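Let's take a walk through this protein together, one spot at a time. Keep the 3D view open and turn it as you read.

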Amino acid sequence: MVIEPKIRGNVCFTAHPVGCDRQVQQQIDYVRAQKKIKGPQKVLVIGSSNGYGLATRIVSAFSGGADTIGVAYERPGKGSKSGSAGWYNNVAFEEKARKEGLIARSVNGDAFSDEIKSEVIDLIKQHLGKVDLVVYSIAAPRRIDPKTGEIHSSVIKPIGASYTARTVDFQSGRLYETTTEPALEKEVEDTVKVMGGEDWGLWIEALDTAGVLAPGITTIAFSYIGPELTAPIYRQGTIGQAKKNLESTAAVLQKRLSSKGGQALVSINKALVTRASAVIPAVPLYISLLYRVMKEKKLHEGCIQQMYRMFNDSLFSGEAPELDNKGRIRLDDYEMRPDVQQEVADLWQQVSAENLESISDIKGFRAEFLRHHGFGMQGVDYEADVKV
Ligand code: NAD
């Protein structure tokens with residue numbers, strides 16, 4: 001069948017298998033054009049099918065020659081419904097890695113569950129022996145607590161006061177004001193349960209207890225801070241509380257892992273178009289302006305450039321990674337440069353329905369979002385019949 005993008009409310013409900021294959025290949029090509037990294041050889045990526053997790057898996061395999069196991073929660077194609085982009089990305093990654101003679105196994109299921117943790121541990125024992133890098137890159141809307149069975153849903157809301165800001169429907173270019181009411185206490189707790197560090201901790205505990213963490217193990221999870229403009233909805237909001245919890249989990253895990261010469265770190269990454277970031281109020285508009293400024297200054301990076309830089313300059317450079325005063329890697333250093341932030345803030349004041357297309361990089365946002373779903377890739381025949 002012919003698959004077209006179906007986008008509503010900044011969410012895309014379809015994905016193109018050939019286009020996804022092509023965008024995975026593009027990331028591999030980028031990595032191959034860089035200097036090879038002497039990095040980990042046995043890697044587990046939790047949240048491996050998209051965004052930062054997929055990029056980390058690609059850098060591990062195609063720059064470092066690592067065998068990988070990936071965990072993701074994706075939807076296969078069925079009948080006349082296309083699968084999710086992450087499903088096709090996983091298929092593409094596995095095929096390409098195996099062609100290189102690398103082990104590449106993927107587990108599709110709920111990473112928050114005890115069952116998936118045991119399945120992954122069995123796979124590690126069977127195929128990798130032990131792992132020397134564990135990447136935690138989950139962005140999820142809900143989590144079933146494996147102990148209580150309770151369902152926790154994460155919300156993106158401010159805390160204490162409502163937040164009104166302009167945002168953009170990037171598909172139509174409609175700029176509008178949106179108000180988000182403050183979160184209830186329970187919503188803050190639930191968001192921390194889903195996007196905080198508890199599950200990362202449970203993974204490390206399960207892997208350690210099973211004896212599958214190699215000496216010198218590194219584990220890393222990803223966080224975000226962002227500018228004043230989005231602070232009420234992001235860093236000072238529910239998700240920010242979850243991220244602070246994730247960041248403090250690194251210190252707890254560091255204590256556990258230091259006895260085996262290991263390290264637990266958090267990297268603060270740059271704001272990028274992914275499925276997760278497209279649905280946060282104000283963030284698509286901020287990213288559209290940020291992309292414009294960073295591209296003009298030749299500072300722009302996508303997931304793959306960020307993850308390559310994290311491996312090459314920081315985690316596996318041969319020297320101790322440079323950390324901020326809270327012990328975090330700062331891959332958002334270019335985004336947070338004062339000159340970049342000042343220009344974005346100025347554009348934020350000027351942007352209107354009339355000048356959106358000309359003063360922001362909304363076109364770049366749209367194109368990147370589509371590429372994440374396998375659309376708009378050069379050389380792909382979108383009129384052709386494809387198997388879902
Ligand atoms: P993404 O939506 O592109 O990918 C999320 C991954 O999580 C996918 O592989 C998905 O399959 C997996 N996943 C979701 N629920 C799951 C479940 N229950 N079980 C197993 N797998 C599950 O997200 P992303 O933007 O790459 O975000 C990854 C991490 O990076 C998050 O912690 C996010 O907060 C952080 N981060 C993102 C940005 C950004 O701008 N996108 C910036 C800084 C930090």
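**A guided tour**

Start with alanine 282, which you'll find in the loop between S12 and helix H8 (283-296). Keep in mind as you look around that this is a predicted model. Alanine 282 has a relative accessible area of 0%, so this residue counts as buried. Its backbone is worth a look too: phi is near 75°, a positive value in a residue other than glycine.

There's another residue with a positive phi. Asparagine 10, also not a glycine, has a phi near 65°. You can spot asparagine 10 in the loop between strand S1 (7-8) and strand S2 (11-12). Is asparagine 10 buried or exposed? With a relative accessible area of 8%, asparagine 10 is buried, because the cut-off for that label is under 20%.

Now move along to arginine 143, which sits in strand S7 (residues 142-144). Its relative accessibility is just 1%, so arginine 143 goes down as buried as well. What is packed around it? Skipping its neighbours within four places in sequence, arginine 143 is in contact with Phe112, Glu150, Ile151, His152, Lys193, Val194, Glu198, Asp199 and Leu202. One of these gets a polar partner: a polar atom of the arginine 143 side chain lies 2.7 Å from the backbone oxygen of lysine 193. For a sense of distance, try finding glutamate 247, which is 104 residues from arginine 143 in sequence and 19 Å from it in space, going from C-alpha to C-alpha.

Step just past that strand and you reach aspartate 145, in the loop between S7 and strand S8 (151-153). At 6% relative accessible area, aspartate 145 is buried. Lysine 193 turns up again here, since its side chain and that of aspartate 145 are joined by a polar contact of 2.8 Å. The aspartate 145 side chain also reaches the backbone nitrogen of lysine 147, at 2.7 Å. If you leave out residues up to four places away in sequence, aspartate 145 touches Glu150, His152, Lys193 and Glu198.

Next, zoom in on the ligand. Which residues come nearest to it? Out of 29 residues around the ligand, they are Ser49, Glu74, Ala111, Lys243 and Thr274. Some polar atoms pair up here. One nitrogen atom of the ligand is 3.0 Å from an N or O atom in the side chain of aspartate 110. A ligand nitrogen atom also lies 3.3 Å from a backbone N or O atom of glycine 109. On the oxygen side, a ligand oxygen atom is 3.5 Å from a polar backbone atom of phenylalanine 222.

Let's finish at the second largest pocket, which holds about 380 Å³ of space. It has 17 lining residues, and Gln26, Gln27, Gly302, Ile304 and Arg371 lie nearest its centre. Helix H1 (17-32), helix H2 (51-62), helix H9 (303-315) and helix H12 (362-372) are the elements that each give two or more residues to this lining. H1 has the largest share, with 4 residues. Sorted by class, the lining comes out as 10 polar, 4 nonpolar and 3 charged residues.

One of those helices, H9, deserves a closer look. It's mostly covered, with 11 of its 13 residues buried. Ile304 is among the buried ones, along with others including Tyr308, Arg309 and Phe311. What covers them? The cover includes H1 and H2, plus strand S6 (131-136), strand S11 (213-223), strand S12 (263-268) and strand S13 (329-330).

How values were computed: Residues are numbered from 1 along each chain as its sequence is written. This is a predicted model: local features need pLDDT of at least 70, side-chain atom pairs count only at pLDDT 80 or more; totals for chains, interfaces and linings use all residues. Side-chain values use heavy atoms; hydrogens and water are left out. On a 1 Å grid over the protein atoms alone, a cavity is a set of points where a 1.4 Å probe fits but cannot get out, and a pocket is an open set with protein on both sides within 12 Å along at least five of seven lines; lining residues have an atom within 4 Å of a point. Grid points are joined across faces, edges and corners, and a volume is the space filled by probe spheres set on the points. Ala, Val, Leu, Ile, Met, Phe, Trp, Tyr, Cys and Pro count as nonpolar, Asp, Glu, Lys and Arg as charged, and the others, Gly among them, as polar. Buried means under 20% relative accessible area, exposed over 50%, partly exposed in between (1.4 Å probe, protein chains only). Contact means heavy atoms within 4.5 Å. A polar contact is a pair of N or O atoms within 3.5 Å; within protein, one must be able to donate a hydrogen and the other to accept it, and residues adjacent in sequence count only if both atoms are side-chain atoms. A residue is near a molecule or strand if one of its heavy atoms lies within 4 Å of it.
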